[in-house]
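Me: Please take a close look at one part of this model. Which residues form a nonpolar patch on the surface?

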Amino acid sequence: MGAELALAVALAAILDRTVRELPARVHPVVAFGTLVGYADREWSRPRLAGVGVALALPALAAVPVFAAVALAVAIHPLLGAVVAGVVLFTTSSLQMLLEEAAGVIEASTTDPTAARERLPALAGRDPTALSPELLRSAAVESASENLADGLVAPLLAFSLLAPISLSLGAAAAAWLKAVNTLDSMLGYPSKPHGWASARMDDLVMWVPARLSALLLSAAALSPDPVLTARRWRGETASPNSGWPMATAAGALQVRLEKPDTYVLNELASLPTAEQARRGVALVGRAGLLAYVLALLPGVVAWLF
(Lines give C-alpha, C1' and ligand atoms only; values in the text may rest on other atoms or scores of the structure.)
Protein backbone atom coordinates (compact mmCIF):
# COMPACT_ATOMS: atom_id res chain seq x y z
CA MET A 1 0.00 0.00 0.00
CA GLY A 2 2.85 2.39 0.78
CA ALA A 3 4.27 2.32 -2.74
CA GLU A 4 0.85 2.87 -4.28
CA LEU A 5 0.15 5.84 -1.98
CA ALA A 6 3.50 7.45 -2.82
CA LEU A 7 2.95 6.82 -6.53
CA ALA A 8 -0.47 8.49 -6.42
CA VAL A 9 0.89 11.64 -4.74
CA ALA A 10 3.91 11.77 -7.06
CA LEU A 11 1.70 11.37 -10.13
CA ALA A 12 -0.60 14.17 -8.93
CA ALA A 13 2.42 16.45 -8.44
CA ILE A 14 3.83 15.62 -11.89
CA LEU A 15 0.49 16.20 -13.60
CA ASP A 16 0.04 19.50 -11.77
CA ARG A 17 3.44 20.64 -12.97
CA THR A 18 3.08 19.49 -16.58
CA VAL A 19 -0.64 19.47 -17.42
CA ARG A 20 -1.63 22.15 -14.87
CA GLU A 21 -5.42 21.88 -15.38
CA LEU A 22 -7.74 19.73 -17.45
CA PRO A 23 -9.85 21.56 -20.05
CA ALA A 24 -13.09 22.86 -18.56
CA ARG A 25 -15.21 20.63 -20.81
CA VAL A 26 -13.80 17.48 -19.18
CA HIS A 27 -12.89 18.77 -15.70
CA PRO A 28 -14.91 16.95 -13.00
CA VAL A 29 -14.87 19.99 -10.71
CA VAL A 30 -16.44 22.09 -13.48
CA ALA A 31 -19.08 19.37 -13.94
CA PHE A 32 -19.73 19.42 -10.21
CA GLY A 33 -20.07 23.19 -10.34
CA THR A 34 -22.78 22.79 -12.99
CA LEU A 35 -24.60 20.45 -10.63
CA VAL A 36 -24.30 22.98 -7.80
CA GLY A 37 -25.82 25.56 -10.14
CA TYR A 38 -29.09 23.62 -10.10
CA ALA A 39 -29.18 23.92 -6.30
CA ASP A 40 -28.48 27.65 -6.42
CA ARG A 41 -32.08 28.83 -6.57
CA GLU A 42 -34.91 30.03 -4.39
CA TRP A 43 -36.11 27.43 -1.89
CA SER A 44 -39.29 27.57 0.18
CA ARG A 45 -37.26 26.45 3.22
CA PRO A 46 -33.75 27.63 2.31
CA ARG A 47 -31.90 26.69 5.49
CA LEU A 48 -33.27 23.15 5.49
CA ALA A 49 -32.54 22.84 1.79
CA GLY A 50 -29.04 24.12 2.48
CA VAL A 51 -28.40 21.28 4.92
CA GLY A 52 -29.55 18.77 2.33
CA VAL A 53 -27.34 20.29 -0.35
CA ALA A 54 -24.30 20.42 1.95
CA LEU A 55 -24.70 16.76 2.88
CA ALA A 56 -25.86 15.23 -0.39
CA LEU A 57 -23.74 16.87 -3.08
CA PRO A 58 -20.27 16.16 -1.59
CA ALA A 59 -21.37 12.54 -1.04
CA LEU A 60 -22.51 12.41 -4.64
CA ALA A 61 -19.02 13.51 -5.68
CA ALA A 62 -17.21 11.06 -3.39
CA VAL A 63 -19.12 7.82 -4.03
CA PRO A 64 -18.26 7.44 -7.77
CA VAL A 65 -14.61 8.21 -6.99
CA PHE A 66 -14.54 5.54 -4.30
CA ALA A 67 -16.07 3.01 -6.70
CA ALA A 68 -13.72 3.88 -9.58
CA VAL A 69 -10.56 3.59 -7.48
CA ALA A 70 -11.80 0.41 -5.78
CA LEU A 71 -12.45 -1.16 -9.19
CA ALA A 72 -9.02 -0.11 -10.43
CA VAL A 73 -7.33 -1.55 -7.32
CA ALA A 74 -9.20 -4.82 -7.84
CA ILE A 75 -7.81 -5.03 -11.37
CA HIS A 76 -4.26 -4.19 -10.25
CA PRO A 77 -2.88 -2.14 -7.32
CA LEU A 78 -0.71 -0.01 -9.61
CA LEU A 79 -3.74 0.83 -11.74
CA GLY A 80 -5.50 1.85 -8.54
CA ALA A 81 -2.58 4.13 -7.68
CA VAL A 82 -2.74 5.75 -11.12
CA VAL A 83 -6.49 6.37 -10.90
CA ALA A 84 -6.11 7.73 -7.34
CA GLY A 85 -3.30 9.99 -8.55
CA VAL A 86 -5.47 11.36 -11.35
CA VAL A 87 -8.28 12.02 -8.85
CA LEU A 88 -5.86 13.82 -6.55
CA PHE A 89 -4.61 15.87 -9.50
CA THR A 90 -8.14 16.95 -10.44
CA THR A 91 -8.98 17.93 -6.85
CA SER A 92 -5.82 19.95 -6.19
CA SER A 93 -3.94 22.77 -7.88
CA LEU A 94 -0.68 24.62 -7.37
CA GLN A 95 1.06 25.43 -10.66
CA MET A 96 -1.90 27.19 -12.24
CA LEU A 97 -2.40 29.21 -9.06
CA LEU A 98 1.24 30.33 -9.08
CA GLU A 99 1.11 31.25 -12.77
CA GLU A 100 -2.11 33.24 -12.43
CA ALA A 101 -0.78 35.14 -9.42
CA ALA A 102 2.52 35.83 -11.18
CA GLY A 103 0.65 37.04 -14.27
CA VAL A 104 -1.35 39.59 -12.28
CA ILE A 105 1.81 40.80 -10.53
CA GLU A 106 3.75 41.24 -13.77
CA ALA A 107 0.86 43.01 -15.48
CA SER A 108 0.44 45.34 -12.49
CA THR A 109 3.83 46.89 -13.26
CA THR A 110 3.33 47.36 -17.01
CA ASP A 111 -0.39 47.28 -17.76
CA PRO A 112 -2.65 47.68 -14.70
CA THR A 113 -5.74 47.46 -16.90
CA ALA A 114 -4.68 44.00 -18.04
CA ALA A 115 -3.97 43.06 -14.41
CA ARG A 116 -7.50 44.15 -13.45
CA GLU A 117 -8.90 42.01 -16.26
CA ARG A 118 -6.95 38.97 -15.02
CA LEU A 119 -7.67 39.36 -11.32
CA PRO A 120 -11.27 37.99 -11.22
CA ALA A 121 -9.96 34.56 -12.22
CA LEU A 122 -7.79 34.64 -9.11
CA ALA A 123 -9.59 36.69 -6.44
CA GLY A 124 -13.24 37.44 -5.81
CA ARG A 125 -13.26 41.21 -5.61
CA ASP A 126 -14.07 44.16 -7.86
CA PRO A 127 -10.76 45.16 -9.47
CA THR A 128 -12.03 48.34 -11.13
CA ALA A 129 -10.57 50.86 -8.67
CA LEU A 130 -7.60 48.83 -7.44
CA SER A 131 -4.17 50.44 -7.64
CA PRO A 132 -1.18 48.38 -8.84
CA GLU A 133 -0.18 47.91 -5.19
CA LEU A 134 -3.64 46.59 -4.26
CA LEU A 135 -3.63 44.33 -7.32
CA ARG A 136 -0.37 42.82 -6.12
CA SER A 137 -1.77 42.50 -2.62
CA ALA A 138 -4.78 40.61 -3.99
CA ALA A 139 -2.50 38.25 -5.92
CA VAL A 140 -0.43 37.43 -2.83
CA GLU A 141 -3.53 37.05 -0.66
CA SER A 142 -5.19 34.71 -3.14
CA ALA A 143 -2.06 32.62 -3.66
CA SER A 144 -1.57 32.08 0.06
CA GLU A 145 -5.25 31.48 0.81
CA ASN A 146 -5.69 29.07 -2.09
CA LEU A 147 -2.62 27.14 -1.00
CA ALA A 148 -4.83 25.90 1.85
CA ASP A 149 -8.01 24.92 0.03
CA GLY A 150 -6.50 24.24 -3.39
CA LEU A 151 -3.62 22.01 -2.33
CA VAL A 152 -3.05 21.36 1.36
CA ALA A 153 -6.64 20.35 2.15
CA PRO A 154 -7.05 17.64 -0.54
CA LEU A 155 -3.51 16.34 0.05
CA LEU A 156 -4.18 16.12 3.78
CA ALA A 157 -7.51 14.34 3.29
CA PHE A 158 -5.90 11.86 0.91
CA SER A 159 -2.80 11.17 3.00
CA LEU A 160 -4.84 10.59 6.18
CA LEU A 161 -7.12 7.94 4.68
CA ALA A 162 -5.10 6.44 1.81
CA PRO A 163 -2.95 4.33 4.19
CA ILE A 164 -6.21 2.58 5.13
CA SER A 165 -7.55 2.42 1.58
CA LEU A 166 -6.64 4.21 -1.64
CA SER A 167 -10.34 4.35 -2.41
CA LEU A 168 -11.08 6.12 0.87
CA GLY A 169 -8.23 8.56 0.35
CA ALA A 170 -9.32 9.50 -3.16
CA ALA A 171 -12.96 9.78 -2.08
CA ALA A 172 -11.96 12.02 0.83
CA ALA A 173 -10.08 14.36 -1.51
CA ALA A 174 -13.09 14.51 -3.85
CA TRP A 175 -15.49 15.07 -0.94
CA LEU A 176 -13.38 17.92 0.43
CA LYS A 177 -13.05 19.57 -2.97
CA ALA A 178 -16.82 19.38 -3.33
CA VAL A 179 -17.27 21.08 0.06
CA ASN A 180 -14.88 23.87 -1.03
CA THR A 181 -16.74 24.29 -4.32
CA LEU A 182 -20.10 24.51 -2.57
CA ASP A 183 -18.74 27.21 -0.27
CA SER A 184 -17.23 29.20 -3.14
CA MET A 185 -20.53 29.12 -5.07
CA LEU A 186 -23.15 29.26 -2.32
CA GLY A 187 -21.45 30.44 0.86
CA TYR A 188 -22.54 34.08 0.81
CA PRO A 189 -24.82 35.98 3.24
CA SER A 190 -27.09 36.80 0.31
CA LYS A 191 -27.77 33.08 -0.22
CA PRO A 192 -29.50 31.59 2.84
CA HIS A 193 -29.44 28.15 1.20
CA GLY A 194 -25.64 28.29 1.34
CA TRP A 195 -25.20 28.74 5.10
CA ALA A 196 -24.68 25.02 5.80
CA SER A 197 -22.11 24.75 3.01
CA ALA A 198 -20.21 27.73 4.43
CA ARG A 199 -20.23 26.31 7.96
CA MET A 200 -19.09 22.89 6.73
CA ASP A 201 -16.24 24.50 4.82
CA ASP A 202 -15.22 26.43 7.96
CA LEU A 203 -15.09 23.13 9.84
CA VAL A 204 -13.13 21.05 7.34
CA MET A 205 -10.66 23.86 6.57
CA TRP A 206 -9.72 24.49 10.21
CA VAL A 207 -6.69 22.19 10.15
CA PRO A 208 -5.56 22.77 6.52
CA ALA A 209 -5.53 26.56 6.99
CA ARG A 210 -3.32 26.35 10.05
CA LEU A 211 -1.11 23.69 8.48
CA SER A 212 -0.70 25.98 5.45
CA ALA A 213 0.43 28.78 7.76
CA LEU A 214 3.03 26.44 9.26
CA LEU A 215 4.20 25.41 5.79
CA LEU A 216 4.54 29.04 4.69
CA SER A 217 6.56 29.81 7.79
CA ALA A 218 8.74 26.74 7.17
CA ALA A 219 9.23 27.84 3.57
CA ALA A 220 10.39 31.22 4.91
CA LEU A 221 12.89 29.33 7.13
CA SER A 222 11.65 31.15 10.22
CA PRO A 223 9.01 30.58 12.92
CA ASP A 224 8.36 34.33 13.13
CA PRO A 225 5.78 34.61 10.28
CA VAL A 226 3.33 32.14 11.79
CA LEU A 227 3.88 33.56 15.27
CA THR A 228 3.18 37.13 14.15
CA ALA A 229 0.20 35.91 12.10
CA ARG A 230 -1.68 35.43 15.35
CA ARG A 231 -1.93 39.22 15.65
CA TRP A 232 -3.80 39.71 12.37
CA ARG A 233 -5.45 36.40 11.46
CA GLY A 234 -8.70 37.49 13.13
CA GLU A 235 -9.12 40.49 10.83
CA THR A 236 -10.79 38.39 8.13
CA ALA A 237 -14.41 37.27 8.30
CA SER A 238 -13.38 33.67 7.70
CA PRO A 239 -12.04 31.83 10.75
CA ASN A 240 -9.47 30.14 8.52
CA SER A 241 -8.30 32.25 5.57
CA GLY A 242 -6.61 34.79 7.82
CA TRP A 243 -3.96 32.27 8.89
CA PRO A 244 -2.13 31.69 5.58
CA MET A 245 -2.63 35.29 4.43
CA ALA A 246 -1.37 36.78 7.69
CA THR A 247 1.59 34.40 7.66
CA ALA A 248 2.47 35.53 4.14
CA ALA A 249 2.20 39.16 5.25
CA GLY A 250 4.59 38.44 8.12
CA ALA A 251 7.05 36.50 5.98
CA LEU A 252 7.19 39.26 3.34
CA GLN A 253 6.87 42.10 5.88
CA VAL A 254 4.18 43.73 3.76
CA ARG A 255 0.66 45.03 4.21
CA LEU A 256 -2.07 42.92 2.60
CA GLU A 257 -5.39 44.66 2.17
CA LYS A 258 -8.83 44.03 0.75
CA PRO A 259 -10.40 47.51 0.68
CA ASP A 260 -13.26 48.03 3.12
CA THR A 261 -12.87 44.45 4.36
CA TYR A 262 -9.58 43.80 6.16
CA VAL A 263 -6.00 44.93 6.58
CA LEU A 264 -3.19 42.57 7.59
CA ASN A 265 0.03 44.05 9.01
CA GLU A 266 -1.29 47.60 8.75
CA LEU A 267 1.99 49.28 9.79
CA ALA A 268 3.82 47.94 6.72
CA SER A 269 3.53 49.10 3.10
CA LEU A 270 1.64 47.37 0.31
CA PRO A 271 3.85 44.97 -1.67
CA THR A 272 6.21 46.10 -4.37
CA ALA A 273 6.43 43.94 -7.48
CA GLU A 274 9.58 42.26 -6.13
CA GLN A 275 7.98 41.54 -2.76
CA ALA A 276 4.90 40.12 -4.48
CA ARG A 277 7.09 37.88 -6.65
CA ARG A 278 8.76 36.64 -3.47
CA GLY A 279 5.30 35.92 -2.10
CA VAL A 280 4.43 33.71 -5.06
CA ALA A 281 7.77 31.92 -4.72
CA LEU A 282 7.08 31.43 -1.01
CA VAL A 283 3.72 29.80 -1.79
CA GLY A 284 5.46 27.59 -4.35
CA ARG A 285 7.99 26.34 -1.79
CA ALA A 286 5.24 25.76 0.77
CA GLY A 287 3.32 23.77 -1.85
CA LEU A 288 6.37 21.63 -2.51
CA LEU A 289 6.63 20.95 1.23
CA ALA A 290 2.96 19.94 1.22
CA TYR A 291 3.62 17.35 -1.48
CA VAL A 292 6.60 16.03 0.48
CA LEU A 293 4.52 15.68 3.63
CA ALA A 294 1.80 13.86 1.69
CA LEU A 295 4.42 11.47 0.30
CA LEU A 296 5.85 10.59 3.71
CA PRO A 297 3.19 8.09 4.90
CA GLY A 298 3.58 6.12 1.69
CA VAL A 299 7.38 6.19 1.74
CA VAL A 300 7.52 5.14 5.40
CA ALA A 301 5.04 2.32 4.84
CA TRP A 302 6.96 1.18 1.74
CA LEU A 303 10.33 1.14 3.53
CA PHE A 304 9.21 -0.39 6.81
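Reply: A patch is built from residues with over 30% relative accessible area and no salt bridge (a side-chain nitrogen of Lys or Arg within 4 Å of a carboxyl oxygen of Asp or Glu). Nonpolar side chains (Val, Leu, Ile, Met, Phe, Trp, Tyr) are joined within 5 Å, like charges within 9 Å. Areas are Shrake-Rupley values with a 1.4 Å probe, and for residues only the protein chains shown count as cover.

The model is predicted: local features need pLDDT of at least 70, side-chain atom pairs 80 or more, while totals for chains, interfaces and linings use all residues. Numbering starts at 1 along each chain as its sequence is written, and side-chain values use heavy atoms, without hydrogens or water.

The patch consists of L7, L71, I75, L78, L79, V82 and V86. Together they have about 580 Å² of accessible area. Two helices (DSSP runs of H or I, at least four residues, numbered from the N terminus) each give at least two residues: α3 (46–75) and α4 (77–91). The largest share, four residues, belongs to α4.

V86 is one of the patch residues. V86 sits in α4. Its relative accessibility is 37%, so V86 is partly exposed (between 20% and 50%; buried is under 20%, exposed over 50%; 1.4 Å probe, protein chains only).

For contrast, take Q95, in helix α5 (residues 95–110). Q95 is buried, at 12% relative accessible area. Beyond its neighbours within four places in sequence, Q95 is in contact (heavy atoms within 4.5 Å) with D16, R17 and R20.

Helix α10 also has buried residues, among them P208, R210, L215 and L216.
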